[in-house]
Amino acid sequence: MNYKYAILLGIVAFSSLQAPAKAGSLLGRANDFGVLGGSTVTNTGPSVIMQSLGVNAGSSATGFSPGVGVVNGGIFTSDAVAALAQMDNKNAYNYLAALSRTEDLTGLDLGGMTLTPGVYSFSSSAQLTGKLTLDNLGDPNALFVFQIASTLTTASYSSVVTTNGEAPNVFFQIGSSATLGTYTQFQGNILALTSITLTTGVNIECGRALAQNGAVTMDTNKVSSTCYTKPQEVAAMVPEPDSSLGVLGSGMVGLLFAFSKRFRKGW
């Protein structure tokens with residue numbers, strides 16, 4: 001074997017031990033949907049969904065017609081497109097639920113908090129009264145996950161805002177249902193096992209309303225997944241290499257270097 005080629009292999013092997021793995025879009029085919037319901041999606045008033053609307057395994061989407069509810073993407077009910085989106089929605093939900101938590105916020109109101117990237121858990125319900133600030137520390141791929149065992153409820157005129165740039169990787173994984181109070185201004189993806197209710201005047205920016213089994217109920221809302229940063233990319237669930245792997249990689253390179261010297265001397 002050519003000694004230069006051997007050294008190159010050693011360097012590549014060492015680098016592969018250090019390189020972090022990346023996954024593609026966490027939401028998969030659900031990424032194309034602004035609203036996804038399990039049983040039905042109903043709307044009252046001039047709501048706007050900037051992406052597609054889907055329902056599966058139910059087949060009913062009502063209140064969407066010119067001048068009433070506008071869907072800028074397609075409408076998919078009880079078909080293969082909606083079924084595949086729901087499958088990826090479920091996979092994303094399970095992925096988020098399995099992440100190790102950074103901090104337990106059970107019993108605390110999210111209102112008034114400023115949080116940095118991490119995984120925040122609630123063993124029961126979660127409440128937002130007022131403003132929740134998410135500081136992504138200047139990283140457009142910063143990940144915020146809220147694991148909520150039962151329900152998420154926001155008070156009227158509450159808000160979720162970001163600082164130091166947009167934060168497209170905000171996920172609320174909810175074990176039951178979400179109800180956003182009137183005129184809540186929300187940022188983030190809601191993945192609810194059962195249902196999602198958007199009351200009058202609620203807007204979701206840089207996010208989605210994705211319900212697995214129940215209904216999504218809307219009333220004069222805007223749902224937009226538009227974020228002013230790159231699409232979702234989150235680190236794959238691959239453990240960081242430990243020090244023994246680093247030593248092993250260094251040893252491989254050292255051995256190959258010694259081998260190359262002896263090879264040049266005619267060994």
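The paragraphs below describe the predicted model, moving from its overall make-up to its sheets, a helix, the disulfide and three single residues.

The protein has 267 residues, of which 42% count as buried. Its secondary structure consists of three helices and 24 strands. Among contacts with a separation of 6 or more, 53% are between residues 24 or more positions apart. The accessible surface of the protein amounts to about 12100 Å², and carbon and sulfur atoms contribute 59% of this area.

A good place to begin is an open sheet of nine strands. Its strands follow the order E7-E4-E1-E22-E19-E16-E13-E10-E8, and the pairing is parallel. The edges are taken by strand E7 (75-77) and strand E8 (103-104); each has a single partner strand, so one side of each is left without a neighbour in the sheet. At the E8 end, two bridges join E8 to strand E10 (residues 118-122), and the two strands run parallel. Here Glu103 has Tyr120 in E10 as its bridge partner.

Helix H2 (residues 80-98) packs on this nine-stranded sheet. The strands that H2 touches are strand E1 (33-37), strand E4 (52-55), E7, strand E13 (143-148), strand E16 (169-174), strand E19 (189-192) and E22. The direction of H2 makes about 90° with that of E1. With 19 residues, H2 reaches 27 Å from its first C-alpha to its last, which is close to the 27 Å expected at 1.5 Å a residue. The buried residues of H2 are Ala82, Ala85, Gln86, Asp88, Asn89, Ala92, Tyr93, Tyr95 and Leu96. As helpful background to such a list, an α-helix has 3.6 residues a turn, so residues three or four places apart point the same way.

A further open sheet holds seven strands in the order E5-E2-E23-E20-E17-E14-E11, again with parallel pairing. Its edge strands are E5 and strand E11 (126-128), each of which pairs on one side only. Direction ignored, neighbouring strands of this sheet are turned by 5° against each other on average. Strand E2 (residues 40-44) illustrates the pairing on both of its sides. Three bridges join E2 to strand E5 (residues 60-62), with the strands running parallel, while five bridges join E2 to strand E23 (residues 215-219), also in parallel. Thr42 takes part in both pairings: its bridge partner in E5 is Thr62, and its bridge partner in E23 is Thr217. For Asn43, the bridge partner in E23 is Met218.

The structure holds one disulfide. This disulfide is formed by Cys206 and Cys227, whose sulfur atoms are 1.9 Å apart. The torsion about the S-S bond of Cys206 and Cys227 is about 115°, so the disulfide is right-handed. The pair, 21 residues apart, links distant parts of the chain. Cys206 sits in the loop between strand E21 (203-205) and strand E22 (209-211), and Cys227 in the loop between strand E24 (222-224) and helix H3 (243-264). Both Cys206 and Cys227 are buried.

Three single residues round out the picture, beginning with Asn136. This residue lies in the loop between strand E12 (131-135) and E13. The relative accessible area of Asn136 is 1%, so Asn136 is buried. Beyond residues up to four places away in sequence, Asn136 touches Pro117, Ala142, Phe144, Thr163, Asn164, Gly165, Glu166 and Ala167.

Thr133 is found in strand E12. At 11% relative accessibility, Thr133 also counts as buried, because the threshold for that class is under 20% relative accessible area. Setting aside neighbours within four places in sequence, Thr133 is in contact with Met113, Thr114, Leu115, Val161 and Thr163. Thr163 is thus a contact of Thr133 and a contact of Asn136.

Val48, by comparison, is placed in strand E3 (residues 48-49). With a relative accessible area of 25%, Val48 is partly exposed. The C-alpha atoms of Val48 and Val70 are separated by 4.7 Å, although the two residues are 22 residues apart along the chain. Val70 also appears among the contacts of Val48 once neighbours within four places in sequence are left aside, together with Asn221, Lys222 and Val223.

Technical notes:
Residues are numbered from 1 along each chain as its sequence is written. This is a predicted model: local features need pLDDT of at least 70, side-chain atom pairs count only at pLDDT 80 or more; totals for chains, interfaces and linings use all residues. Side-chain values use heavy atoms; hydrogens and water are left out. A disulfide is a pair of cysteine sulfur atoms within 2.5 Å. Helices (H or I, at least four residues) and strands (E, at least two) are DSSP runs, numbered from the N terminus. Buried means under 20% relative accessible area, exposed over 50%, partly exposed in between (1.4 Å probe, protein chains only). Two strands pair if DSSP finds at least two bridges between them. Contact means heavy atoms within 4.5 Å. Axes are lines fitted to C-alpha atoms, for helices over the stretch in contact, and angles run from 0 to 180 degrees between N-to-C directions. The expected span of a helix is 1.5 Å times one less than its number of residues. Accessible areas come from the Shrake-Rupley method with a 1.4 Å probe; for residues, only the protein chains shown count as cover.
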